[in-house]
Amino acid sequence: MHILLTGGSGFIGSNFVRFALESRADLSITNLDALTYSGNPENLADIEHDKRYRFVHGDIKDLDLCTRLLGEVDAVVHMAAESHVDRSIIDGRPFVETNVLGTQTLLDAARRNNFKGRFVHVSTDEVFGDLPLDQPELKFHEKLPLKPSSPYSASKAASDMVVHAYHHTFGLNVSVTNCSNNFGPYQFPEKVIPLFVTNLIEGKKVPLYGDGRNVRDWLHVVDHCEAVLAVLEKGKAGQTYCIGGNNERSNLELTHTILELMGKGKEMIQPVTDRLGHDRRYAIDPRKIESELGWKPTRSAWPGALEQTIKWYVDHERWWRRVKSGAYREYYQKQYGNR
Ligand code: NAD
Ligand code: DAU
């Protein structure tokens, strides 16, 4: 099977390329990525020359390019997006442009090709809004209405709806995944875990938003990649699959665990002003994907998986220092020009 993967140079995309090529001998991947600030070809430096991997530098909003690429592949895994909530609060426009218009462009390219292959749209649990802290029995599941609260999650919810509409209207063979917070190697250090870990290595404090009681459901990125592959291979058209780790942690608990694992004290916590509209709690009920597709997380056990992730950042200091300083951009500016 030849897959068109969008956003393959980002955090989850690069982990997906590595995992999918390692676990399926008959699979090849074309990675379409615009190399925005979070797309880093160094994430796949070891794969670059693999005969089953091809990189195409381009934008998912380019209909002619997407049409040509859709004509060459058997399936699509769509991950390209603007992905950071704080950036969407500063400027929502790129989120609507890429996440909504980009997704619609890709779907139009599929229509132009009369594409019959599987199309997996990778989305987020944030489309369901948030849950209260005092009702732990409540979790996100596939039957909930969408109720996004940030400009990021609103753009992802809109894209999910467009995807479902193209299934309903044109019969495209699409499935949507809604996953909880990922952690693991190659995550851009604007997200909380790599930001806190790399700050602590640099001797800096960690900026904890608000009262720190907000809860996230943490899943190792490779468990997410395995779930996406399961949905690609066994999922049903028109269906949504919620993916999560049954691993709820408050930000305060997460921060204390990171500090403990890194041998640092609580004085390294810097309380800062809360994120605007900060969602309180995310938690996933993963029973549908577990029972229908036989997926279960096997790499997310806490705190061992967090400890391994911290070790990855300790061992890959050159990688994140180049990302934090912007130096990694020189690597692709040489190859692909200024963007
Ligand atoms: P990321 O920001 O690390 O990577 C996004 C990638 O998309 C980058 O390589 C970027 O260059 C590329 N891209 C952006 N705009 C593009 C465009 N117009 N055309 C082509 N490529 C473009 O994000 P991530 O954390 O790897 O997230 C990947 C996907 O998974 C997103 O759709 C996100 O909404 C979803 N998701 C993320 C998480 C998480 O915890 N990180 C959880 C659930 C779902
Ligand atoms: O739930 C899935 C989503 O998880 C994905 O769709 C998004 O792409 C991904 O970015 C992530 O969104 P969050 O906003 O939950 O992740 P982030 O790492 O930005 O923040 C996690 C929590 O940590 C959140 O409650 C805010 C808090 N935080 C974050 C940062 C960056 C801090 O307290 N301090 C910080 O500096």
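**Entry 1: a buried acid**

I started with Asp-223, which has 0% relative accessibility and so counts as buried. I am working with a predicted model here, so I keep that in mind throughout. My next check was which partner the side chain of Asp-223 has, and I found Arg-299, in a salt bridge at 2.8 Å, N to O. The pair links distant parts of the chain, 76 residues apart. Asp-223 belongs to helix H7 (residues 221-234), while Arg-299 sits in the loop between helix H9 (287-293) and helix H10 (304-315). Arg-299 has 28% relative accessibility, so I noted this residue as partly exposed.

**Entry 2: other salt bridges**

I then asked how many salt bridges there are, and the count came to 24. As a reminder to myself, side chains of opposite charge can pair when their charged atoms come close. I looked at Lys-311 and Asp-315, whose side chains meet at 2.7 Å, N to O. Both lie in helix H10, 4 residues apart, which is about one turn of the helix. Lys-311 is exposed, with 51% relative accessible area, just past the cut-off of 50%. Asp-315 has 47% and is therefore partly exposed. I also found a network in which salt bridges that share partners join Glu-202, Lys-204, Glu-317, Arg-321 and Lys-324. One more pair went into my list: Glu-253 and Arg-249 form a salt bridge at 2.9 Å, N to O. Glu-253, at 33% relative accessibility, is partly exposed.

**Entry 3: the two sides of H11**

Which residues of helix H11 are buried? For this helix, residues 317-325, I wrote down Trp-319, Trp-320, Arg-322 and Val-323. They span an arc of only 155° around the axis, so they are on the same side of H11. On the other side I found Arg-318 and Ser-325, both exposed. I followed the chain past the end of H11 and met Gly-326, which has a positive phi, near 85°.

**Entry 4: rings**

My search of the whole structure for aromatic pairs gave 12. Trp-312 and Trp-319 make one of them, with 5.4 Å centre to centre and 70° between the planes, in an edge-to-face arrangement. Both partners are out of the solvent by the accessibility criterion: Trp-312 is buried at 13% relative accessible area, and Trp-319 is buried at 10%. I traced the ring pairs onward and got a cluster of Tyr-186, Trp-312, Tyr-313 and Trp-319.

I also looked for charges over rings. Arg-87 lies over the face of Tyr-37, 3.4 Å from the ring centre. Arg-111 does so over Phe-170, at 3.7 Å from the ring centre.

**Entry 5: around ligand 1**

Which residues come nearest to ligand 1? I found 29 residues around ligand 1, and the nearest are Asp-33, Ser-38, Ser-83, Tyr-152 and Lys-156. I went on to individual polar atoms. Tyr-152 places a polar side-chain atom 2.7 Å from an oxygen atom of ligand 1. The backbone takes part in contacts as well: a backbone N or O atom of Gly-10 is 3.0 Å from an oxygen atom of ligand 1. For Met-79 I noted a polar backbone atom at 2.9 Å from a ligand 1 oxygen atom.

How values were computed
Residues numbered from 1 in each chain as written. Chains lettered and ligands numbered in written order. Predicted model: local features only at pLDDT ≥ 70, side-chain atom pairs only at ≥ 80, totals over all residues. Heavy atoms only, no water. Buried < 20%, exposed > 50% of the residue type's maximum accessible area, 1.4 Å probe, protein only. Helix = DSSP H or I, 4+ residues; strand = E, 2+ residues; numbered from the N terminus. Arc of directions from axis to C-beta. Salt bridge = Lys/Arg side-chain N within 4 Å of Asp/Glu carboxyl O. Phe/Tyr/Trp six-rings, centres within 6.5 Å; stacked < 30°, edge-to-face > 60°. Lys NZ or Arg CZ within 6 Å of the ring centre and 35° of its normal. Near = heavy atom within 4 Å. Polar contact = N/O pair within 3.5 Å; in protein donor to acceptor, adjacent residues only side chain to side chain.
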